[in-house]
Amino acid sequence: MVTTIDDLVERSREGVHRPRGPEAHRAQQEGALLVDIRPAAQRAAEGEIPGSLIVERNVLEWRLDPTGSHRLPEATGYDLEVIVVCSEGYASSLAAASLRELGLHRATDLDGGFVGWAAAGLPTRQGGS
């Protein structure tokens, strides 16, 4: 049986609450970690979310595994609330599912991605800041 990317994204979202911009913004203000996985060129073109942690997708699991030797200081434990951000909310669904497989059970992603965040009028800044 063949699995399509649409199937994979759908499975990664099953049973997971995906906050939209305003809810994610509140969560960030209450201590959730917003993790922007977009490449530098995309952030430069679209902008960034102030206070988000930039971890490009290719190293995400290594940087957020709480027991990994290459983890960031923000990777404080498996109960960490992580909201992954990509451009439109597709790649971030796959990334959040991967983090849940590592044991970060509260990992989810931003429904609508950065584009949805910006469209909601939430804080952004020029990319590359």
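## Close-up views of the predicted model

Arg43 has a relative accessibility of 9%, so this residue counts as buried. It is a good place to begin a tour of this structure, which is a predicted model.

**Figure 1. Arg43 and Glu56 are joined by a salt bridge.** The view is centred on the two side chains, whose nitrogen and oxygen come to 3.6 Å. Because Arg43 belongs to helix H3 (residues 40-46) and Glu56 to the loop between strand S2 (53-54) and helix H4 (60-64), the pair ties together parts that are 13 residues apart in sequence. Is Arg43 buried or exposed? With 9% relative accessibility, Arg43 counts as buried. Its partner Glu56 is partly exposed, at a relative accessible area of 30%.

**Figure 2. Arg18 and Asp109 form a salt bridge.** Here the N to O distance is 2.9 Å. Where do the two partners lie in the chain? Arg18 is in the loop between helix H1 (5-13) and helix H2 (21-29), while Asp109 is in strand S4 (residues 108-109), so their salt bridge ties together parts that are 91 residues apart in sequence. Arg18 has 14% relative accessibility, under the 20% cut-off, and therefore counts as buried. Asp109 is buried as well, with a relative accessible area of 2%.

**Figure 3. Glu81 and Arg106 meet in a salt bridge.** Their side chains come to 3.3 Å, N to O. This pair links distant parts of the chain, 25 residues apart: Glu81 sits in the loop between H4 and strand S3 (82-85), and Arg106 in the loop between helix H5 (91-101) and S4. Glu81 counts as partly exposed, at 28% relative accessibility. Arg106 also counts as partly exposed, at 36%.

**Figure 4. Arg18, Arg20, Asp109 and Asp111 belong to one network of salt bridges that share partners.** How many salt bridges does the structure hold? The count is eleven. For a closer look at one member of the network, turn to Arg20, in the loop between H1 and H2. Arg20 is partly exposed, with a relative accessible area of 49%. Setting aside neighbours within four places in sequence, Arg20 is in contact with Leu110, Asp111 and Gly112. Thr3 is 17 residues away from Arg20 along the chain, and 27 Å separates their C-alpha atoms.

**Figure 5. His25 is a buried residue of the protein.** His25 is found in helix H2 and has a relative accessible area of 17%. Which residues does His25 touch, leaving aside its neighbours within four places in sequence? Its contacts are Trp117, Leu122 and Pro123.

**Figure 6. Helix H5 has buried residues that other elements help to cover.** The buried residues of H5 are Ser92, Ser93, Ala95, Ala96, Ala97, Ser98 and Leu99. What covers them includes H1, H4, S3 and S4. Follow the chain just past H5 and you come to Gly103, which takes a positive phi of about 105°.

**Figure 7. Arg38 lies over the face of an aromatic ring, that of Phe114.** Arg38 is 4.4 Å from the ring centre of Phe114. How many aromatic pairs are there, where ring centres must lie within 6.5 Å of each other? The count comes to zero aromatic pairs.

**Figure 8. The whole protein, with six helices and four strands, sets the close-ups in context.** Read from the N terminus, the elements run α-α-β-α-β-α-β-α-β-α. The radius of gyration is 14 Å, close to the 14 Å given by the globule rule for 129 residues, so the protein is as compact as a globular protein of that length. Taken along the principal axes, the C-alpha atoms fill a box of roughly 40 × 35 × 25 Å. Buried residues make up 45% of the 129 residues. Among contacts with a separation of 6 or more, 65% are between residues 24 or more positions apart. The accessible surface comes to about 6800 Å², with 51% of this area belonging to carbon and sulfur atoms.

Notes:
Residues are numbered from 1 along each chain as its sequence is written. This is a predicted model: local features need pLDDT of at least 70, side-chain atom pairs count only at pLDDT 80 or more; totals for chains, interfaces and linings use all residues. Side-chain values use heavy atoms; hydrogens and water are left out. Rings of Phe, Tyr and Trp (its six-membered ring) pair if their centres lie within 6.5 Å; planes under 30 degrees apart count as stacked, over 60 as edge-to-face and the rest as tilted. A charge sits over a ring if NZ of Lys or CZ of Arg is within 6 Å of the ring centre and within 35 degrees of the ring normal. Helices (H or I, at least four residues) and strands (E, at least two) are DSSP runs, numbered from the N terminus. The radius of gyration is taken over C-alpha atoms; the globule rule is 2.2 Å times the number of residues to the power 0.38. Buried means under 20% relative accessible area, exposed over 50%, partly exposed in between (1.4 Å probe, protein chains only). Contact means heavy atoms within 4.5 Å. Accessible areas come from the Shrake-Rupley method with a 1.4 Å probe; for residues, only the protein chains shown count as cover. A salt bridge is a side-chain nitrogen of Lys or Arg within 4 Å of a carboxyl oxygen of Asp or Glu.
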